[in-house]
Amino acid sequence: MKRILFAIIISASLCACKKESSFYYDSEFTGTYSYNSTAGCNYLMAVATELLVDNLRAMENALEFNSFGSVSNSRTSAYHSNGKDLWTPGAEWEVTAVTAIKGVKISKDSADSTWTLTRSGDYGINGNIYPTEYSITLRMHKGAGYHYDWEVSGNGTRTENKGYGCRFWTDGPVNYVVGVSGYNWSGAFGTIWMEVNCYDETVDKAFLRFNGSTSDYRYMRGL
Amino acid sequence: MKKTVFLIFFLAALPFSVNAQPDRNGKVEVSANISGDVADTMFGNYDFYYNSMDLASIYEPRTRNVNYTPVFSVMGEYKLRKDFSVGLEAAWWHMSKEYYDSFTDDFTGSCSRHSVSLMPCVKYRYLIRRSFELHSGAAVGAGLMFGKDGNDSTSEMQAAYQFLPIGMRIGRDIYATLDYYMGNVAFGVRFGIGYRF
């Protein structure tokens, strides 16, 4: 009987503790593990779903312009080409509009459906605009709806204030797959790494691994 | 609250207590002052934190347990005229804070700084009564902040300035002052006790 009472008391105590803890959230406190882990993840997520996706859009828009046949040496409203069809090796296009991707150079080196995109200039993540350089390779797949699917691989650097900066790169290609709606790339596979530096000293290394969609991921830091 | 009540009673009682004092009409005055709020703008706001998605805001350590002493100062004045004086003010305050890792919340270090300022000052009295006066003034000089930030010793020197838009003095040879002070050393109400030689 005593043992049963003891077990009941212990269980009740544990339930009470659990209930109480559910009233508290890490976000209510400054400097908690939860907050900055989320912020670190969000940063890398922005690289994956904003910076890289901006380039997918730049690529697809270029292909659309290309399909219009307006690839002579003329300067279009959004792109400047070297006159070569975007599917032809040696084609070099440059984005001349839209602040976020202005200056992106698209070049085609081989006959397959692969392009290299490079850019060196300011890029804003959540309103914080800092010098960002990257070189990525995009390989087109069939896709669905309004977009193609893409294999993305490459690397880049970003220089921020207070001595901070980062290097990001893909560990093998990251696949962006058009979602059910056909309007965006909500499907994703692959891993993006990031190394954070402060005055040339490494302060963190993290990765963001997509397991099928941009909402199904794993973030790890302190590696 | 207790301090405020005490201050009000003290200031209210002072004119009555000093009426019995002889009026020596001395030209030199020395006062000790205390200001409630440190204006930590002279050397930048070290505790500024913003919820932003840049690497510094994510990785910079969190600051907690920030403690400031009041600003203590000593001021000597010499009356050039009945309504105008020049002087020198020396001020000191101390600040300490602790750093915590932004991810693990572990204590990572602390910071302790002293600030010393030396400012030549002027004061103009535009209402002079037997035991009461209203005045304004200004002080400009240099400030030195030194201390330890983590394992690093720090030392920084910059201009220091204070404005006194309005202040009052109650008493004669022994007097109390209540000033509104603004600048990059102290900000807000300053209370002082002085003696006229």
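**Figure 1. A network of salt bridges in chain B.** In this predicted model, salt bridges link seven residues into a network: Glu29(B), Glu77(B), Lys79(B), Lys123(B), Arg125(B), Glu133(B) and Arg169(B). One pair to look for is Glu133(B) and Arg125(B). Their closest N and O atoms are 3.0 Å apart. Both residues of this pair, Glu133(B) and Arg125(B), are buried. Across all chains of the structure, a search finds 17 salt bridges.

**Figure 2. The salt bridge between Arg190(B) and Asp179(B).** The two side chains meet with an N to O distance of 2.9 Å. The pair ties together distant parts of the chain, with the two positions 11 residues apart in numbering. Arg190(B) sits in strand β9 (residues 188-196) of chain B, and Asp179(B) in strand β8 of chain B. Are these partners buried or exposed? Arg190(B) has 0% relative accessibility, so it counts as buried. Asp179(B) has a relative accessible area of 2%, so it is buried too. The cut-off for buried is under 20% relative accessible area. Arg190(B) also appears in the next view, in the lining of the largest cavity.

**Figure 3. The largest cavity, in chain B.** The whole structure holds two cavities of 30 Å³ or more. The largest encloses about 70 Å³ of space. Its lining is made by Met75(B), Glu89(B), Cys121(B), Val122(B), Lys123(B), Gly137(B), Ala138(B), Ala139(B), Gln162(B), Leu164(B), Tyr181(B) and Arg190(B). Three elements of chain B give two or more residues to this lining: β5 (107-128), β6 (132-149) and β7 (152-171). What classes of residue make up the lining of the largest cavity? Seven are nonpolar, two polar and three charged. Among the lining residues, Lys123(B) is also part of the salt-bridge network of Figure 1.

**Figure 4. The second largest cavity, in chain A.** This cavity has a volume of about 40 Å³. Around it stand Leu52(A), Ile136(A), Val152(A), Gly154(A), Asn155(A), Phe168(A), Trp169(A), Thr170(A) and Ile192(A). Two strands of chain A, β6 (147-159) and β7 (164-170), each supply at least two of the lining residues. By class, the lining has six nonpolar and three polar residues. It has no charged residues.

**Figure 5. A salt bridge in chain A, between Arg139(A) and Asp112(A).** The side chains meet at 3.2 Å, N to O. They come from distant parts of the chain, 27 residues apart. Arg139(A) belongs to strand β5 (residues 128-144) of chain A. Asp112(A) lies in the loop between β3 (105-107) and β4 (114-125) of chain A. How accessible is each partner? Arg139(A) has a relative accessible area of 32%, so it is partly exposed. Asp112(A) has 32% relative accessibility, so it also counts as partly exposed. For the setting, chain A has two helices and 11 strands. Along the sequence, the pattern of chain A is α-α-β-β-β-β-β-β-β-β-β-β-β. Of its 223 residues, 42% count as buried.

**Figure 6. A nonpolar patch on the surface of chain B.** The patch is formed by Tyr124(B), Tyr126(B), Val140(B), Tyr161(B), Phe163(B), Ile166(B), Tyr180(B), Met182(B), Phe187(B) and Val189(B). Together they have about 910 Å² of accessible area. The elements that give two or more residues to the patch are β5, β7 and β8 (174-183) of chain B. Which element gives the largest share? β7(B) does, with three residues. Ile166(B), one of the patch residues, has its place in strand β7 of chain B. Ile166(B) counts as partly exposed because its relative accessibility is 43%. That class lies between the cut-offs of 20% and 50% relative accessible area.

**Figure 7. Arg64(B) and Tyr99(B).** Arg64(B) is found in strand β2 (residues 62-68) of chain B. Tyr99(B) is 35 residues away along the chain. In space, the C-alpha atoms of Arg64(B) and Tyr99(B) are separated by 6.3 Å. Is Arg64(B) buried or partly exposed? Its relative accessibility is 23%, so Arg64(B) counts as partly exposed.

Note on methods. Residues numbered from 1 in each chain as written. Chains lettered and ligands numbered in written order. Predicted model: local features only at pLDDT ≥ 70, side-chain atom pairs only at ≥ 80, totals over all residues. Heavy atoms only, no water. 1 Å grid on protein atoms, 1.4 Å probe; cavity = no way out; pocket = protein on both sides within 12 Å on 5 of 7 lines; lining within 4 Å. Points joined across faces, edges and corners; volume = space filled by probe spheres on them. Helix = DSSP H or I, 4+ residues; strand = E, 2+ residues; numbered from the N terminus. Nonpolar A, V, L, I, M, F, W, Y, C, P; charged D, E, K, R; others polar. Buried < 20%, exposed > 50% of the residue type's maximum accessible area, 1.4 Å probe, protein only. Patch = residues over 30% accessible without salt bridge, like charges linked within 9 Å, V, L, I, M, F, W, Y side chains within 5 Å. Areas by Shrake-Rupley, 256 points an atom, 1.4 Å probe, with all protein chains shown as cover. Salt bridge = Lys/Arg side-chain N within 4 Å of Asp/Glu carboxyl O.
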